[in-house]
Amino acid sequence: MINDVQYFNTLRCNCFCGFCSARNCKSEEWLQNEAKPSDIAEALVRSKNIADDVYFWIAGGEPFLMRNLEDIVIPVLKKYSKSRVAIFTNGTDPKELERFAKAIPTELRPRVFVRVSIDGLPQVHNSRRRHKRAYELALESLKISHDNGLDVNVNTIVFPDVVSGFEQFQSEIARCGDGRANIECSVNWVDTVIGDKFPYSDEEILSIAPIVTPRGWTLKYLTSKGDMCLKDCQAAQTNCAIAPNGDLYTCYAAKFERNQDGFCMGNILRSGFDTVWNNRNRYGALDNVCDCIGCMNPSDMDREVRNGNFDYSLSYSEIEKYFYYFKETEYYEGFGDCELHEDGTSHRWLTSESGRVICRPLSLEKGGGTYLSISFGNMLPDSLERPPMLCSISVNDKPMLNDCWVSSREDLKFWVEPSKDGYITVAINVNQLWSPKEVFGSADTRMLGIAMFSVDVR
């Protein structure tokens, strides 16, 4: 079943960002034959191949230059009851965004995710977007999204010129919502086409590291200096990308990054979605996916990570770079992003049945060892009728726990000695994963194990 659909409703945009990949896609047909959102919606809701929990992206160009986006958002949310819709926008048309938000039924609004691109304070952002009022209008769009009950965050492409004013930037973003600055700081993926120059020096990485959102493949990208590649992927098996005229593609990167046509499977407006999905042209496009030289597109890597088909774990030399750039002493592998709690504490979810935490002690006690403290827990309610969560832990290949039942909070302390390379490697295994969607009926489809609160070497 398809659980990831990207829809590029227009290539038109009122900003002129130098790093925008849509500029590579020169298609007069797409510019002259943009389909109505309602026509795309009709093709989608008739499909029997789209999963009920589909993640539906809308991007451009600038999506809100096309009016009546609610004509596709509402039908998708109603047909697919556990779906989410994400809209990626520069936020320069707050009036249209407000009209759109008010057109969405109140009960559906929490499943609409508006992601506004803002690259720092006005001097930086307006220059990069080549729009004199881009910052002012984007902040207005943030406030409108929040006030109308839409899920919203800010995406920032980080360069060193963003860092100096970042605290002020955070403060201004926080004032647009509930007092929290929900900002995801991404790196500049200029080399999503293999072979382009890596855009950061060591000094620049050190300067941006304190504010970069440390997602797994972002760390791999920075520590390997772009020496990574997504190949042998599962494009067009659980995902697809829809062009403005209704052409259906295997993935985003094939057309929008490289302007290649061999990845088109057909047109869903002329033939119907399921007819295109099941016809022989799709299998020809899949052959081209198998022969693809690879890409570094974040959305495609995200998909492959979720499907367990892309390994972004760091080598030991890259872990050393990670410790150097990010001034950290622990590296988490097989865990999700750090999630903050209102009381200031945090945790990371184990996202597979096994994971590792690699630590570098800052100092050692007499005898060459140190104390290792681990805090983790099972955050499922005890009232649920499920098999118990069991956990095994080893440190530097030495078993410490074996299939132990996990309560809501476990605090363990061990005396350990680092390996010859100076690291302490904590390996964690659990007997099962669970999904918030299945347990609580939420829209969160992640598969989760235990929650890791802290790993501390003293």
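I began with D202, which comes out as partly exposed at 23% relative accessibility. A reminder to myself before going on: this is a predicted model.

**Entry 1: D202 and its partners**

I looked up which lysine pairs with D202 and found K225, with the closest N and O atoms of this salt bridge 2.7 Å apart. K225 sits in the loop between helix 10 (216-223) and strand 7 (239-242), while D202 belongs to helix 9 (residues 202-208), so the salt bridge ties together parts that are 23 residues apart in sequence. I also checked the accessibility of K225, and at 34% this lysine counts as partly exposed.

D202 has another salt bridge, to K321, and here the closest N and O atoms are 3.9 Å apart. This pair links distant parts of the chain, since D202 is in helix 9 and K321 is in helix 16 (residues 316-326), 119 residues away. K321 is partly exposed too, with a relative accessible area of 30%.

**Entry 2: other salt bridges**

How many salt bridges does the structure hold? I noted 20. One of them joins E42 to R46, with the closest N and O atoms 2.7 Å apart. For E42 I wrote down partly exposed, at 40% relative accessibility. R46 is exposed, because its relative accessible area of 62% is over the 50% cut-off.

I was pleased to find a network as well: R67, E70, D93, E96 and R99 are joined into one by salt bridges that share partners.

**Entry 3: E318**

Back to helix 16, where E318 lies. Is E318 buried or exposed? I noted buried, because its relative accessibility of 11% is under the 20% cut-off. The side chain of E318 makes a polar contact of 2.8 Å with the side chain of K220. Setting aside neighbours within four places in sequence, I listed K220, T223, S224 and S313 as the residues in contact with E318.

**Entry 4: the five-stranded sheet**

Next I turned to a sheet. It is open, has five strands in the order 10-13-18-15-16, and its pairing is antiparallel. Which strands are at the edges? They are strand 10 (330-333) and strand 16, each of which pairs on one side only. Ignoring direction, I noted an average turn of 15° between neighbouring strands of this sheet.

At one edge, strand 10 pairs with strand 13 (residues 354-359) in the antiparallel sense, over four bridges. Within this pairing I found E330 opposite C359 of strand 13. Helix 16, the home of K321 and E318, turns up again here. This helix packs on the sheet and touches strand 10, strand 13 and strand 18 (424-430), with its direction at about 130° to that of strand 10.

**Entry 5: the other edge**

I then followed strand 15 (residues 390-395), which runs antiparallel to strand 16 and is joined to it by five bridges. S394 stands opposite P399, a residue of strand 16. Strands 15 and 16 form a hairpin with two residues between them, and there N396 takes a positive phi near 50°.

Why did I write "largely in the open" beside strand 16? Strand 16 (residues 398-405) has eight residues and the number buried is zero, so the description fits.

Notes
Residues numbered from 1 in each chain as written. Predicted model: local features only at pLDDT ≥ 70, side-chain atom pairs only at ≥ 80, totals over all residues. Heavy atoms only, no water. Salt bridge = Lys/Arg side-chain N within 4 Å of Asp/Glu carboxyl O. Buried < 20%, exposed > 50% of the residue type's maximum accessible area, 1.4 Å probe, protein only. Polar contact = N/O pair within 3.5 Å; in protein donor to acceptor, adjacent residues only side chain to side chain. Contact = heavy atoms within 4.5 Å. Pairing = 2+ DSSP bridges. Axes fitted to C-alpha atoms, helices over the stretch in contact; angles between N-to-C directions.
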